[in-house]
Amino acid sequence: MPFADDVRAGLTAHPKTLPPKYFYDELGSALFEAITLLPEYYLTRAETQILSTRADEIIAKVEPTRLIELGSGSAIKTRYLIEAGLRKLHQLEYSAIDISQAVLATTASALRAQYKGLTVRSYQGEYYEGLRALSQGNSQPHEPGRRALALFLGSNIGNFDPPEALRFMRAIRAVLHEDDALLLGTDLKKDRATLEAAYDDPIGLTAAFNLNILARINRELGGRFNVRAFRHRAQYDESHGRVEMHLVSSVAQVVSIETLSLDVSFTAGETIYTEASYKFSSDDVQRLAHDAGFELQHVWTDAAQRFACNLLRCV
């Protein structure tokens with residue numbers, strides 16, 4: 001059971017960690033959707049502004065016959081690109097990769113009903129699993145004139161540490177062809193106050209989102225976490241260019257996890273490291289693109305220059 005294995009590994013490590021992918025159970029996903037509506041959490045609005053105003057320009061630069069989205073979810077923002085693609089070519093294929101089969105099914109049904117001329121293919125699994133399935137489905141020889149535009153939006157690349165980000169980008173490049181491209185969403189480096197407010201809102205939604213991972217361990221693994229004995233902390237580490245999220249133990253305590261037959265000891269003030277959100281400069285993206293086999297061709301930013309959508313060409 002991956003969740004159990006990862007919880008055991010993370011809570012017996014020094015320092016303690018929990019993988020951020022486990023934020024997104026049903027409750028966690030609902031909390032995150034609410035976070036995106038907060039005034040402090042500018043990322044979703046900024047990226048939506050770019051896609052809603054620049055979709056035709058993005059599509060014109062690539063002229064894709066296929067969109068491939070990693071972490072597709074409900075594909076709300078992607079609809080701007082789908083509509084621009086259909087305006088350009090009238091026929092378009094959309095390949096969606098997501099961890100949730102239920103989300104994939106719901107999204108595919110909605111897109112097929114909404115867009116005549118759109119073919120939808122779904123690949124269930126985590127990112128690497130989805131890319132492997134996509135690669136197996138691409139066993140036919142590449143047809144000249146058929147181009148793919150891969151999408152990795154939402155600054156999700158920022159949740160990877162730099163070595164893993166490079167590994168993942170190379171995995172994306174491996175399923176693409178020479179004429180293909182990648183649209184990569186990145187949150188831009190900016191002042192500490194703006195960044196920390198985006199991850200520690202005054203009404204406590206992000207705190208609830210972070211703390212829910214402990215409640216999930218209680219629900220699914222028989223954990224005995226007193227969630228009130230932990231607090232959320234978000235801080236910007238300028239030297240590494242990342243916002244770090246932690247869960248801080250308010251007191252010295254021992255927490256039992258029944259399914260794992262595990263007792264976890266905490267000292268007062270000890271933390272569980274739950275997420276890093278790396279921020280990028282144009283130079284950062286250029287280096288990452290080059291090392292992964294891409295060339296940075298164009299950058300679009302929102303009006304306030306808080307967020308960027310980067311078009312990377314395969315080389």
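This is a short walk through one chain, from its overall dimensions to one sheet and then one arginine.

Hi everyone, thanks for coming. Before anything else, please keep in mind that we are looking at a predicted model.

Let's begin with the whole chain. It has 10 helices and 13 strands. How does the radius of gyration fit a compact globule? For 315 residues the expectation is near 20 Å, and the chain has 20 Å, so the two agree. If you rotate the C-alpha trace onto its principal axes, the spans are about 60 × 40 × 35 Å.

Of the 315 residues, 51% are buried. The accessible surface comes to about 14500 Å², and carbon and sulfur atoms hold 51% of that. On contacts, taking those with a separation of 6 or more, 73% are between residues 24 or more positions apart. As for charge, I count 34 positive and 40 negative side chains for you, with the centres of the two sets 3 Å apart.

Now, on to a sheet I'd like you to find on the screen. This is an open sheet of four strands, in the order β1-β11-β8-β7, and the pairing is mixed. Which strands sit at the edges? They are β1, residues 16-17, and β7, residues 230-237, each of which pairs on one side only.

Start from the β1 edge. β1 runs parallel to β11, residues 271-278, and two bridges join them. One residue pair to look for here is Lys16 with its bridge partner Ile272 in β11.

At the other edge, β7 pairs with β8, residues 242-249, in the antiparallel sense, over eight bridges. Asp237 has Arg242 of β8 as its bridge partner. The β7 and β8 hairpin has four residues between its strands, and among them Gly241 takes a positive phi near 65 degrees.

Finally, my arginine. Where is Arg306? You'll find Arg306 in the loop between β12, residues 294-301, and β13, residues 307-314. Its relative accessible area is 24%, so Arg306 counts as partly exposed, given that buried would require under 20%.

What does Arg306 touch, beyond its neighbours within four places in sequence? The contacts are Tyr42, Ala46, Asp187, Leu188 and Lys190. Glu47 is worth a look as well: Arg306 and Glu47 are 259 residues apart in sequence, while their C-alpha atoms are 9.0 Å apart in space.

That's my tour, and I'm happy to go back to any view you'd like.

Definitions and conventions
Residues numbered from 1 in each chain as written. Predicted model: local features only at pLDDT ≥ 70, side-chain atom pairs only at ≥ 80, totals over all residues. Heavy atoms only, no water. Rg over C-alpha atoms; globule rule 2.2 N^0.38 Å. Buried < 20%, exposed > 50% of the residue type's maximum accessible area, 1.4 Å probe, protein only. Contact = heavy atoms within 4.5 Å. Areas by Shrake-Rupley, 256 points an atom, 1.4 Å probe, with all protein chains shown as cover. Lys, Arg positive; Asp, Glu negative; His and termini not counted. Charge placed at Lys NZ, Arg CZ, Asp CG, Glu CD. Pairing = 2+ DSSP bridges.
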